[in-house]
Amino acid sequence: MTLRRVNVLILVLLSIAFLIILHRNLLNLSDFLKQEDSGNDPSCLCCFCSSQMLIFFCEIPVVITAAEERLGAVVAAMNSINRNTGANVVFNIVTLNESVAHLRAWLTKTDIKHKIITFEPKILEGKISNDPQKADLVKPLTFARFYMPLFIPDAEKVIYLDDDVIVQGDIRELFETSLKAGHAAAFSDDCDSASSKGFVRGAGNQNNYIGFLDFKKDAIKKLGMKANTCSFNPGVIVANLTEWKHQNITRQLEQWMQLNVREDLYSRTLADSFTTPPLLIVFYKHHSSLDPMWHVRHLGAVGAGNRYSPQFVRAAKLLHWNGHYKPWGRAASFSDIWDKWYIPDPTGKFHPIRRHPGDK
């Protein structure tokens, strides 16, 4: 047999092998699509999809909340994610009953794949303060991240995002964040980047646990936590819901919420957060870390425009306007980036506030 015939035979055998593999993949894809059509949640198949190089068919679940006065923020955040990825992202939008109709009217004008989940505030009874002076700070939807397994019970992994973010990278990269064995969540540590230099009005430097918890209280003392431990920001979470349920994280968080109602465990200097302290306790030295470029934060703080260069902000994968100044407001830094992703409200109820010539 000549060398040429041997080469031809090898090419034929390789072609047959390729066709067999392709056939098997198509059969697997057919089964996958049948499962999706039958109403099963395909997010649990993401490991299979990755191994078969079919990641674009996998569902990446994202949980985000939608308060009525901030619906424009939610839509802009989702639009930025949707336009910067080829992945099959499904947004699980948690909102209150009175906002459902407005949200649906807005989203019908988009191609954003979503599910609307109605949050029932009664689940928080006995777990948050009834003090009317704190009513503006204790918003029911801020606790939705505690209940992610209830919203998407069949998902193995999920991303949670605050509404005041813009995503400039491919969300698939964030979803593929590796969590250490036994860890139920990954957060951004507040000592990991330029973002950690932020100061919060009325609270001082909140880069460590003492900025959030009252270490004079016995319940906190008994935990043996170090007050100078670096805190983390729960505005972006990658969660392993299988591990979350196994460790009963939701119940642990609720227990600390209830104890705080009785014993007032949070720092007196705390600014605007009643959700971070219980997370800091439950995940103390037991969480994984996110890539710092996937959570560039404090853009809503005073002086953010001086802290970050335009080049750095453009290079960031995810921008977070945590702080007092939001990008749909008049005084925020880098609001031009947010404007690129904003979709006008077809009902005319929501309008970004912008500085006009002559404003002071």
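The following paragraphs lead through a predicted model, from its confidence to its aromatic pairs, one helix and two loop residues.

The confidence of the prediction sets the frame for what can be read from it. Averaged over the protein, pLDDT is 84, and 77% of the residues score at least 70. Two segments fall under 50 throughout: residues 26-56, for which the model has 36 contacts beyond four places in sequence, and residues 193-205, for which there are 31 such contacts. Where pLDDT is low, the predicted coordinates should not be read in detail.

Aromatic side chains offer a way into the fold. A search of the whole structure yields 14 aromatic pairs. One of them joins Trp244 and Phe283 in a tilted arrangement, with 5.8 Å between the ring centres and 50° between the planes. Trp244 belongs to helix 8 (residues 241-246), whereas Phe283 is in the loop between helix 10 (276-282) and strand 10 (288-289), so the pair ties together parts that are 39 residues apart in sequence. Trp244 is buried, with a relative accessible area of 1%, and Phe283 likewise counts as buried at 1%. Another pair, Tyr308 with Phe312, is stacked: the centres are 5.6 Å apart and the planes make an angle of 10°. Here Tyr308 is buried at 2% relative accessibility, while Phe312 is partly exposed at 27%. Elsewhere, one aromatic cluster is formed by Trp106, Trp328, Trp338, Tyr342 and Phe350.

Helix 9 can be considered next. This helix spans residues 249-263, and its 15 residues reach 21 Å from the first C-alpha to the last, close to the 21 Å expected at 1.5 Å a residue. Its buried residues are Ile249, Thr250, Leu253, Glu254, Trp256, Met257, Leu259 and Asn260. An α-helix has 3.6 residues a turn, so residues three or four places apart point the same way. The cover over the buried residues of helix 9 includes helix 5 (148-151), helix 7 (218-221), helix 8 and helix 10. Helix 8 and the loop that follows helix 10 also carry the two partners of the tilted pair, Trp244 and Phe283. Just after helix 9, Asp264 adopts a positive phi of about 55°.

Where does Leu179 lie? The residue is placed in the loop between helix 6 (171-175) and strand 6 (185-189). Its relative accessible area of 18% is under the 20% limit, so Leu179 counts as buried. Leaving aside residues up to four places away in sequence, Leu179 touches Lys157, Ala184, Ala185, Ala186, Val238, Ala239, Asn240 and Ser288. Among these, Val238 is 59 residues away in sequence, yet the C-alpha atoms of Leu179 and Val238 are 8.4 Å apart in space. Lys157, another of the residues that Leu179 touches, has its charged end over the ring of Phe175, 5.4 Å from the ring centre.

A second loop residue, Ser99, lies between strand 2 (88-95) and helix 4 (100-107). Ser99 is buried, with a relative accessible area of 2%. Which residues does Ser99 touch, not counting those up to four places away in sequence? They are Ala66 and Glu68. With Glu68 there is also a polar contact, made between the two side chains at 3.0 Å.

Conventions. Residues numbered from 1 in each chain as written. Predicted model: local features only at pLDDT ≥ 70, side-chain atom pairs only at ≥ 80, totals over all residues. Heavy atoms only, no water. Phe/Tyr/Trp six-rings, centres within 6.5 Å; stacked < 30°, edge-to-face > 60°. Helix = DSSP H or I, 4+ residues; strand = E, 2+ residues; numbered from the N terminus. Buried < 20%, exposed > 50% of the residue type's maximum accessible area, 1.4 Å probe, protein only. Lys NZ or Arg CZ within 6 Å of the ring centre and 35° of its normal. Expected span 1.5 Å × (residues − 1). Contact = heavy atoms within 4.5 Å. pLDDT = per-residue confidence, 0-100. Polar contact = N/O pair within 3.5 Å; in protein donor to acceptor, adjacent residues only side chain to side chain.
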